[in-house]
Each structure stands twice: as C-alpha cells, then as structure tokens.
2 protein chains.
Amino acid sequence: MKKGPLTPKGFRDINPPIAKKRREIINKIADTLENLGFNPLETPTIEFSETLEGKYGDEEKLIYKFTDRGDRKLALRYDLTVPLARYVANNNPQFPFRRYQIGQVFRGENPQKGRFREFTQFDFDTVGVVDINEDAKIIAAAIKSIKELGFKNAKMAINDRENFKSLKVEDIREIDKIYKIGKENTRKELLEFVEKSKPTNRLTQIFEILKSEYGLSYQDFFFDPTLARGLDYYTSTILELKPDGKPEEQSIGGGGRYDKLIGMFAGREIPAVGFSFGIDRLTELV
Amino acid sequence: MKKGPLTPKGFRDINPPIAKKRREIINKIADTLENLGFNPLETPTIEFSETLEGKYGDEEKLIYKFTDRGDRKLALRYDLTVPLARYVANNNPQFPFRRYQIGQVFRGENPQKGRFREFTQFDFDTVGVVDINEDAKIIAAAIKSIKELGFKNAKMAINDRENFKSLKVEDIREIDKIYKIGKENTRKELLEFVEKSKPTNRLTQIFEILKSEYGLSYQDFFFDPTLARGLDYYTSTILELKPDGKPEEQSIGGGGRYDKLIGMFAGREIPAVGFSFGIDRLTELV
C-alpha cells in the first residue's frame, strides 16, 4: 500500500488506544467538575485576529493568523482564557460563573520532542467573585479530578503571589528555579527568604476550607514557598499540580487567581480563579 | 459592562445548557459505538492544503487555506473522510478497521439561518471489507444511537445505488427530489420506475441481518426507492436517518457504502461503509 501525505510538522494523528484513553480522562474530569457545579462552555476555534492581538506579549508571533475569502483577519485560538474573557463581556453571565472548556489550541512553536502545534487544554474557572471559597473549590476540583484518574500520590503545590511583593522580578525568577538549578546554585539570601516564607492569611483560610469542606489533608496539598509561576497575570493564589506529590517534579497542570485579566474586554475588573490541565501530557502519564 | 469583540460571522459560542446537552449526546453515541466494536480516532484540525485539494469538486473554494510562518500551505479540515483516507494509507491498520471520530470541520459557506462555518461532525466508518455484515453494523449502530437519544419513531431510509444504474443523472436527481417538488411535478415514467423498484439482493440480505443479528424490524428501517443522495462517491448502500420516521422529512444523518474513496492515497481500492451525524442539528432536535 502506498503511503499517503504526511500531517504537517507539529500536528499528529491520535491512534485509537490513546484516543480512547483521552476520552476516558476527559469524561472523568468533566464528571468531577459537573458534580462541583461547573458547566461546559464551547467557543469557536476561530476568533478575529484583533481579539487575540496584544494579549500574549512576545508569544503573539506564535498565533496562527489568516485572511478569509471576505478579507476578514482571523486567527486560530491560542488558549481558552482570552475567548472566555470575550464571552463574559458579550454574555454578561450571572456571577459566580463556573465553566469548564475542553478545546484544541494552536501555537506555531518549534516542535521539539513532545511539543505540538495543536494540543488539547482542559480549563476550568470561576469568574466574577473574589471569595476564597472559589479558590478552594478550584483546588479541590483539580485534586479530586487527578485522584479519580488514579494518581494516588498527587499533591497540589500552593503559594500566594503576595509573598513575593517585596522581591524584584529577577529574585522571583531565581526562586522559581530552585529545584531546577539546585539549592547550591541559588543565592543564600533567597534560600533564607524561602525558608522564612509562611502561608498568607488567605492561604491559611483556603487550607482550612480544603480540610473542612472537601475532606482534603496535607496528603493532598502543600504550601510551596518556591512556587512562583512564570505567567505574570496571577494576582494572589498560584497553583501547580504534582502528579507524584514531589515539589521538584514537572507539574501536570497549573493555575491560580487572576483578578485583572477577564475584564479586559468588559472595561472593568472582573476577578477570576482557575486551573488548566494539559490533556496530552496527562494522557502520557495515566 | 462594555461589550467585547464579536465572533466572526458563521462562528459562535455554545452556551452551557446547550454544551451540556451536546456532551450527553456525543457520549451516548460514542458508548453505543464502542459497544459495537468501533474505537475513537483523532486526526489534526490542520492538514496540508494539497491533502484536501482536488477532493471536493466545486466546493473546494469553501476550504479555509492559509500559509504558516514557514511558508507551508495549510488548510482547516473540511470533513473527517479525507483525513481518514490519509490515516489509513499512512498507518495501514488491520482490516476491518472500525473507527469513530468527533471533530470540528470548517467550510467558508454563506452562513444562512442555522448554517455555520464551523460545525461538529460525528462520523463512524468500517474500512477494508466489502462484507454486507459491515453495512448492517453501520445501520444498526446509527439506529441504536438515535433510539438511545430518545427518538422512538426514528427510521433509517435505505436504498442501493445499483437500483439507479439504468438511469441518467438528471433522472436520479429528479427522483431524489420527489418529496420536495411533489409527485404531481415528477415525470410519470420516473414515478413508475420508483413504484417498480425493489430492494436489491444485497439489501434483502442486509435487512435479514438487521432483524436476526440486531433485533431490529421495519419499525426501525425501510426501503426507500426515492433515496439517491447527492454525493456521488457512494457505490451501493445509501442511507438517511429520519428522526420521526417520515420519508419526506429532513434527515439527521446520512451515509452508505463508498468503495472507491478511501484508497485515494493508498494507490488501491479500499472498500468502506459509514455514517455521519451532524451534532449541531441533532442537538437542536433532542
């Protein structure tokens, strides 16, 4: 049999056994989320280019843009967050608005091992309230989802951006890399800073809610003073999920509170807290 | 609250209540198909333009094409069938290869009422065998799926292209429109032709299998001598699913046997039989 044309670089077929696993994973997470009061939303794969422009800094060059037959400037969605902000501004849903969305996103990255130009994100967010109960609900939803998938040792690393407010950006970047570069290669004053770091009042209250409302314990989450997360739009709670519970391992999802982003189209601040699973990596690990 | 940017014409958000219904519909069909031995496949949203070119006749102008930063000519997929043909040529799966795929497809059509430029198809096909048992399995899968969704009166209209082999294309087109234009506006010799039409031997055998193997009856399917289907790639069995069991109503899915298409990339004939649900229309009716 002759070979057919290839898929473009960074794009791939997902064979039946893997596709089946993906379907099971997505359904388990979706069921967990629906039980906690999140509902699905779908937004189109294609947005106007200008809806996405100016939102991703240097990464904007990775957006797939094109012009249609009617000379409209269109783009493939780069993530599910900017479309959520557009949706909220246009539909004015009742707050708290808890939605999840599973969707393909597209980035013209250099496809290295395991990196694709089309991949599947599973996002869930609560929009419209600053209440720490919603931070706790997002954390609990992520932990319950991952435990349902069989990751018995998984733990959520949690920190508060507030803890870094006295530091310079370079310091925060160095702290974020402690596990990567090793303690021996980290400046002593930063190690001391980390050692003295404590959960903020907000975090202490969130931890209490996780225990009392969701039956979780320090087996399921921990305070991680080294966690900073690169994306600068987080405003307080920051989250990374560790599949085997080890602070130093690569996370399988991240999130946090971002109170200044969702209002970008609405012309006013709209608080939000959310989490995102990368379904491709998750499927490799299950 | 300020309004945000719109979605491009023909592209839309799907609100939580509808998105939830879609998820339930998709899961019910997928479960039915997996029970019958079909497995999910995923192919990328983007293919090389040339993979899609020359496959859709006049409709080719509706394909969304664009050039990426590396000057590669890419296209958004137009359906799930050409990607299936590419997949089969590249992966040489064991036959019979029974797969289902749920995916977004893109067509730059003039968006009229209820017509979108991005929509969701649910396809299932058996590739690699001419066996009429596979025709019966596809028909049974579609009927069982639709009954699971609550369409108690749904019926599959079935015909065989073989029945039209003595006719000219214009005659076939006129017969296909009998319910639309009315019997009074149809040429008498064509009405007589239809009245004399009988199930072919293949169809008679398929009907027997549907009864004996799948517990179906003439409550679930019927021979429809007026059914022709526009797409000219069907080679024998042709199918349209009628949600309320009436031959004259708009169908909610169609399919048939197409033995000359899947081999387009493989350089040899590969028989196939399949069916496709339009998830958007199905969701409106459920």
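These notes cover the contact between chain A and chain B of a predicted model, followed by the setting of Arg229(A).

1. Extent of the contact. Chain A and chain B each bring residues to the contact: 61 residues from chain A and 61 residues from chain B. Together the two chains bury about 5500 Å², with 53% of that area on carbon and sulfur atoms. On the side of chain B, the residues that lose the most area to chain A are Met1(B), Arg23(B) and Glu42(B), which together account for 14% of what that side buries.

2. Polar and charged pairs. Between chain B and chain A there are 10 salt bridges. In a salt bridge between Arg22(B) and Glu42(A), the side chains meet at 2.8 Å, N to O. Polar contact across the interface amounts to 31 residue pairs, both residues being at pLDDT 80 or more.

3. Make-up of the chain B side. Elements of chain B that each supply at least two residues to the side touching chain A include α1 (16-35), α3 (81-91) and β5 (97-106). The most comes from α1(B), with nine residues. Sorted by class, the side of chain B that touches chain A holds 28 nonpolar, 19 charged and 14 polar residues.

4. Arg229(A). This residue lies in the loop of chain A between β8 (221-223) and β9 (237-242). Is Arg229(A) buried or exposed? Arg229(A) counts as buried because its relative accessibility is 16%, and the cut-off is under 20%. Leaving aside neighbours within four places in sequence, the contacts of Arg229(A) include Arg161(A), Asp176(A), Tyr234(A), Glu240(A) and Gly254(A).

How values were computed. Residues are numbered from 1 along each chain as its sequence is written. Chains are lettered from A and ligands numbered from 1 in the order in which they are written. This is a predicted model: local features need pLDDT of at least 70, side-chain atom pairs count only at pLDDT 80 or more; totals for chains, interfaces and linings use all residues. Side-chain values use heavy atoms; hydrogens and water are left out. Contact means heavy atoms within 4.5 Å. Buried area is the accessible area (1.4 Å probe) that two parts lose on being put together, summed over both. A salt bridge is a side-chain nitrogen of Lys or Arg within 4 Å of a carboxyl oxygen of Asp or Glu. A polar contact is a pair of N or O atoms within 3.5 Å; within protein, one must be able to donate a hydrogen and the other to accept it, and residues adjacent in sequence count only if both atoms are side-chain atoms. Helices (H or I, at least four residues) and strands (E, at least two) are DSSP runs, numbered from the N terminus. Ala, Val, Leu, Ile, Met, Phe, Trp, Tyr, Cys and Pro count as nonpolar, Asp, Glu, Lys and Arg as charged, and the others, Gly among them, as polar. Buried means under 20% relative accessible area, exposed over 50%, partly exposed in between (1.4 Å probe, protein chains only).
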